[in-house]
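Here are my notes on the model you sent, set out as numbered points. They begin with one backbone detail and then move to the fold as a whole and to a few individual residues.

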Amino acid sequence: QVQLVESGGGLVQPGGSLRLSCAASGSIFSINAMGWYRQAPGKQRELVAGVTSGGDTNYADSVKGRFTISRDNAKNTVHLQMNSLKAEDTAVYYCKALILLSWASVPQVYWGQGTQVTVSS
């Protein structure tokens with residue numbers, strides 16, 4: 001069984017920083033892309049940032065220059081460093097990973113349980 005466990009959410013003032021982490025565990029052969037999504041109340045879940053196994057990254061326009069995604073392939077972890085946080089960044093943040101369970105399998109999508117990020121004074 002594969003699990004994605006997120007950590008690092010919380011309450012922060014506007015302009016502050018938070019670092020989210022996501023660790024994948026279980027019977028994992030390899031992990032392709034990993035990413036962070038967020039969902040604010042009343043809104044659809046949206047991509048925040050993604051990173052491939054080779055280290056290529058992409059970001060939502062709203063977070064470019066403020067957020068940085070990184071991953072540690074040896075530890076099956078992905079991080080999201082969030083700086084200059086704004087009230088509109090408030091949301092539940094979810095980790096997503098495309099995971100192969102064996103060399104012959106197709107990548108399967110796994111999600112974390114989500115971690116709340118609240119930006120407020």
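1. S84 lies in the loop between β8 and β9, the latter covering residues 91-100, and it should be kept in mind that this is a predicted model. The phi of S84 is near 50°, a positive value in a residue that is not glycine. Most residues other than glycine have a negative phi. With a relative accessible area of 41%, S84 counts as partly exposed, because that value falls between the 20% limit for buried residues and the 50% limit for exposed ones.

2. N76 also has a positive phi without being a glycine, in this case of about 55°. N76 is placed in the loop between β7 (67-72) and β8, and, at 23% relative accessibility, N76 is partly exposed. N76 also appears among the residues touched by I28, a residue discussed in point 6.

3. As for the overall fold, the protein has zero helices and 11 strands, and read from the N terminus the order of elements is therefore β-β-β-β-β-β-β-β-β-β-β. Among contacts between residues at least 6 apart in sequence, 56% join residues that are at least 24 apart.

4. What radius of gyration would a compact globule of 121 residues have, and what does the protein have? The expected value is near 14 Å and the protein has 14 Å, so the two agree. Along the principal axes, the C-alpha trace spans about 50 × 25 × 25 Å, and a reader may wish to hold these extents beside the radius of gyration when looking at the model. Of the 121 residues, 40% count as buried. The accessible surface comes to about 6,400 Å², with 49% of it belonging to carbon and sulfur atoms. On the charges, the mean position of the 10 positive ones and that of the 7 negative ones are 1 Å apart.

5. H79 is found in strand β8, which runs over residues 77-82. Is H79 buried or exposed? The relative accessible area of H79 is 16%, which means that H79 is buried, since the limit is under 20%. The side chain of H79 makes a polar contact with the side chain of S21, at 2.8 Å. Setting aside neighbours within four places in sequence, H79 is in contact with R19, L20, S21, W36, T68, I69 and S70.

6. I28 sits in the loop between β3 (18-25) and β4 (30-39). Despite this loop placement, I28 counts as buried, at 19% relative accessibility. Not counting residues up to four places away in sequence, I28 touches V2, N76, I99 and L100. By contrast, G8 is 20 residues from I28 in sequence, and the C-alpha atoms of the two are 23 Å apart in space.

7. A40 belongs to the loop between β4 and β5, where β5 covers residues 46-51. Which residues does A40 contact once its neighbours within four places in sequence are left aside? They are T90 and A91. A40 and T90 are 50 residues apart along the chain, and their C-alpha atoms are separated by 6.6 Å. At 18% relative accessibility, A40 counts as buried.

Terms used: Residues are numbered from 1 along each chain as its sequence is written. This is a predicted model: local features need pLDDT of at least 70, side-chain atom pairs count only at pLDDT 80 or more; totals for chains, interfaces and linings use all residues. Side-chain values use heavy atoms; hydrogens and water are left out. Helices (H or I, at least four residues) and strands (E, at least two) are DSSP runs, numbered from the N terminus. The radius of gyration is taken over C-alpha atoms; the globule rule is 2.2 Å times the number of residues to the power 0.38. Buried means under 20% relative accessible area, exposed over 50%, partly exposed in between (1.4 Å probe, protein chains only). Contact means heavy atoms within 4.5 Å. Accessible areas come from the Shrake-Rupley method with a 1.4 Å probe; for residues, only the protein chains shown count as cover. Lys and Arg count as positive and Asp and Glu as negative; His and the chain ends are not counted. The place of a charge is taken as NZ of Lys, CZ of Arg, CG of Asp or CD of Glu. A polar contact is a pair of N or O atoms within 3.5 Å; within protein, one must be able to donate a hydrogen and the other to accept it, and residues adjacent in sequence count only if both atoms are side-chain atoms.
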